[in-house]
Amino acid sequence: MADKVEPVEAAVEPEAEALFGLLDVVILAALAAFGIWWVMSNKKKQQEQANAHKSYSLQPTSMAAAATDNSFLKKLKTSGRSLVAFYGSQTGTAEEFAGRLAKEGIRYQLKGMVADPEEYDMEELVNLKDIPNSLAVFCLATYGEGDPTDNAMEFYEWLQNGDANLTGLNYAVFGLGNKTYEHYNEVAVYVDKRLEELGGTRVYCLGLGDDDANIEDDFITWKEGFWPAVCEHFGLETMGEDVSVRQYKLTEHSEINPDRLYTGEVARLHSFANQRPPFDAKNPFLGTIKVNRELHKTGDRQCMHLEFDIEGSKMRYDAGDHIALYPVNNSEIVNKLGKLLDADLDTAITLTNTDEESSKKRPFPCPTTYRTALTHYLDITSNPRTHVLKELAEYTKNNKEQEMLRLMASTSPEGKALYQDWIIQNNRNILHILEDLPSCKPEIDHVCELLPRLQCRYYSISSSPKLYPTTVHVTAVVVEYETPTKRINKGVATTWLRDMKPVDPEKKFLVPVFIRKSQFRLPTRTQTPIIMIGPGTGLAPFRGFIQERALAKEEGKPVGETILYFGCRKKAEDYLYEEELEDYVKKGALKLHLAFSRDQAQKVYVTHKLNENADEIWRVLGESNGHIYVCGDARSMAKDVHNIILKVVQEKGNMSEQEAIAYVKKMEAQKRYSTDVWS
């Protein structure tokens with residue numbers, strides 16, 4: 001019947017079923033699949049062979065690094081450069097120095113680029129020799145206990161653990177350190193030595209900058225010998241006088257959506273309005289100030305106890321860590337600068353790097369306004385460096401003022417002496433220079449290009465997360481002083497924070513913050529005895545240590561001796577957290593040695609108290625394997641403490657001077673002797 005359809009299975013004739021059984025179908029399918037696989041595989045093999053041949057013809061050595069986005073070799077080759085200036089920077093100075101070297105290279109027929117070692121494949125140093133007249137310069141800062149900066153850590157470890165062949169690599173190293181610290185310029189010294197060990201050629205001697213003296217002087221003095229050595233090494237000649245080359249081009253926006261303007265964000269636009277973790281240096285959390293109270297009872301100095309609410313941030317901290325905050329420049333200084341520069345500060349701008357190959361497209365987040373740049377992004381209160389003065393001279397009409405700026409920017413002994421006196425000793429910033437040299441009228445966009453970035457400020461956390469998991473406490477002295485020119489200079493961060501008093505519950509004070517981990521740590525075993533030495537605000541991290549140990553004691557855990565040496569000027573004036581500390585003493589959670597330097601005719605410091613307690617120190621450190629911590633001034637206090645400890649170890653431990661030095665070194669290596677100091 002026409003309208004009836006039989007099932008397919010029923011339509012198969014018996015003869016057909018005999019010819020193509022189920023097993024036959026499976027075998028045929030398998031053969032077809034194998035055929036397809038063989039054809040595809042053969043094609044792939046031929047393609048790989050072709051690619052391999054192509055790769056071999058272009059890159060005959062297996063050591064040749066692949067040119068990728070993180071290839072500084074590719075950038076050098078495609079842009080016709082031969083100088084690469086790497087930097088290891090924590091505060092921006094090393095980056096600034098590297099930038100100056102890269103910029104100056106063009107004068108010596110060496111077009112340069114600046115490179116962050118964290119962003120590039122540093123193994124490519126092996127092949128830098130492939131570029132004629134190539135040179136790698138390293139501007140490396142040392143911080144902490146002789147540590148490399150965060151962005152140079154991976155490169156440093158690669159040098160330590162690897163054995164790359166750097167034969168043919170031309171290099172030079174300039175270090176940034178501070179002589180008040182024990183591990184002065186340790187990173188630069190190591191890198192300079194290690195590059196030579198791996199076969200590199202040192203083009204010029206290691207430069208060591210001392211931030212405790214005048215690091216700018218150290219740098220320009222080193223540069224004075226560096227460039228002639230480079231020219232001699234490569235057989236180059238100077239291409240005439242140094243010419244000012246602008247690094248960024250200006251775009252002023254007559255019409256722009258205000259929603260597209262950066263208003264102080266560190267990296268991501270609207271990151272303050274739309275907060276999302278994880279929070280770090282490029283994405284800080286807006287912490288609310290919950291408490292801001294004065295710790296000094298009397299006197300003309302101020303010390304703040306601040307509490308930042310970090311609830312909901314997912315940030316964690318340990319006692320001994322640091323909190324970093326991004327400050328804001330004083331609006332009065334910003335307005336004065338705008339007036340002196342004859343600028344409309346509310347003009348929207350973008351500064352774009354004229355070097356298209358550079359990884360740094362902007363000097364700070366753009367588009368923004370001049371006001372925002374001067375308020376949030378630029379350091380307008382530090383002493384300008386010599387290259388800034390050199391540029392300012394070009395905008396100065398009065399011959400005497402112009403010659404003065406040029407002299408200070410020079411490397412002559414007279415120029416260095418004048419810079420040291422007029423800029424450093426008199427503590428002049430960019431505003432003071434423009435006020436005192438009225439014929440100097442630079443363009444505001446050029447000033448924005450020249451000034452360094454405003455850096456975040458770090459403070460030791462003065463609380464324990466075991467008591468305060470969602471708040472971070474800070475103990476900070478307000479910086480304010482008169483300069484030799486009778487001006488009042490103010491600390492950017494502390495004078496900004498001082499006015500943030502949370503008295504009105506409707507008004508919130510928000511501060512961009514993040515946590516920086518530290519090696520300043522309590523012993524893992526609570527029964528280990530500890531000695532803490534922290535005069536003034538050096539007490540800060542020890543407040544967290546004491547809180548943590550007292551809590552452990554309350555919980556019935558075995559807790560070793562907790563001994564604090566604290567000093568200040570007068571008991572009735574600046575004895576920080578007096579009630580808290582005395583309460584811990586009463587509870588048996590703390591042993592306290594106090595030194596009030598001005599409460600008697602003879603000044604008494606914590607070092608005097610240490611000398612009086614040699615037996616106790618040896619009992620804790622020598623007999624009980626305890627820990628010692630020092631926090632505060634590196635210039636004198638920390639050094640004096642170190643010498644006292646050496647003396648105690650030598651005398652009470654019956655050791656020779658060399659044995660005592662080795663004993664203390666071993667304590668440092670075991671993290672039993674820790675310092676958190678500043679100069």
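Buried means under 20% relative accessible area, exposed over 50%, and partly exposed in between. The model shown in these views is predicted.

**View 1. Two cysteines in different settings: Cys-139 is buried and Cys-205 is partly exposed.**
Cys-139 has a relative accessibility of 0%. That value is under 20%, so Cys-139 counts as buried. Cys-205 has a relative accessible area of 41%. That value falls between the two cut-offs, so Cys-205 counts as partly exposed. How many disulfides does the structure hold? The structure holds zero.

**View 2. The whole protein, with 23 helices and 23 strands.**
The protein has 679 residues, and 49% of them count as buried. The accessible surface comes to about 33800 Å². Carbon and sulfur atoms hold 51% of that surface. Consider contacts in the protein with a separation of 6 or more: residues 24 or more positions apart account for 75% of them.

**View 3. An open sheet of three strands, in the order β8-β12-β13.**
The pairing in this sheet is antiparallel. The edge strands are β8 (248–253) and β13 (368–369), and each pairs on one side only. Strand β12 covers residues 348–353. Two bridges join β12 to β13, and these strands run antiparallel. Which residue of β13 is the bridge partner of Ile-349? The partner is Thr-368.

**View 4. The largest nonpolar core, with 39 residues.**
Leu-337, Phe-364, Leu-374, Leu-378, Ile-380, Leu-389 and Leu-392 touch the most other members of this core. Several elements give two or more residues to the core, among them α9 (331–340), β12, α10 (370–377) and α11 (386–393). Also in that group are α12 (399–409), α13 (413–425), α14 (430–436) and α15 (444–450). Leu-392 makes a good point to centre on. Leaving aside residues up to four places away in sequence, Leu-392 touches Leu-405, Ile-430, Ile-433, Cys-440 and Pro-442.

**View 5. Helix α10, largely enclosed by the rest of the structure.**
Why is α10 described as largely enclosed? Six of its eight residues are buried. The buried residues are Tyr-370, Thr-372, Ala-373, Leu-374, Thr-375 and Tyr-377. What covers these buried residues includes β8, α9, β12, β13 and α15. Leu-374 is also one of the core residues that touch the most other members.

**View 6. A salt bridge between Glu-95 and Lys-360.**
A search of the whole structure finds 41 salt bridges. In this one, N and O are 3.6 Å apart. The pair links distant parts of the chain, 265 residues apart. Glu-95 sits in helix α5 (residues 93–104), and Lys-360 sits in the loop between β12 and β13. Glu-95 is partly exposed, at a relative accessible area of 25%. Lys-360 is partly exposed too, at 34%.

**View 7. A salt bridge between Arg-635 and Asp-212.**
The N to O distance is 2.4 Å. Where do the two residues lie? Arg-635 is in the loop between β22 (627–633) and α22 (637–652). Asp-212 is in the loop between β7 (207–210) and α8 (215–234). The two residues are 423 residues apart in the chain. Arg-635 counts as partly exposed, at 43% relative accessibility. Asp-212 is partly exposed, at 27%.

**View 8. A salt bridge between Arg-246 and Glu-449.**
The closest N and O atoms are 2.9 Å apart. Arg-246 lies in the loop between α8 and β8, and Glu-449 lies in helix α15. The pair links distant parts of the chain, 203 residues apart. Is each partner buried or partly exposed? Arg-246 is partly exposed, with a relative accessible area of 24%. Glu-449 counts as buried, at 10%. Elsewhere, salt bridges that share partners join Glu-96, Arg-100, Glu-216 and Arg-385 into one network.

**View 9. Phe-272, in the loop between β8 and β9 (285–294).**
Phe-272 is partly exposed, with a relative accessible area of 21%. The buried class requires a value under 20%, so Phe-272 falls outside that class. Leaving aside residues up to four places away in sequence, Phe-272 touches Gly-264, Glu-265, Pro-284, Leu-286 and Pro-512. Phe-285 is 13 residues from Phe-272 along the chain. Their C-alpha atoms are separated by 7.7 Å.

Definitions and conventions. Residues numbered from 1 in each chain as written. Predicted model: local features only at pLDDT ≥ 70, side-chain atom pairs only at ≥ 80, totals over all residues. Heavy atoms only, no water. Helix = DSSP H or I, 4+ residues; strand = E, 2+ residues; numbered from the N terminus. Buried < 20%, exposed > 50% of the residue type's maximum accessible area, 1.4 Å probe, protein only. Contact = heavy atoms within 4.5 Å. Areas by Shrake-Rupley, 256 points an atom, 1.4 Å probe, with all protein chains shown as cover. Pairing = 2+ DSSP bridges. Disulfide = S-S within 2.5 Å. Core = buried A, V, L, I, M, F, W, Y, C linked by side-chain atoms within 4.5 Å. Salt bridge = Lys/Arg side-chain N within 4 Å of Asp/Glu carboxyl O.
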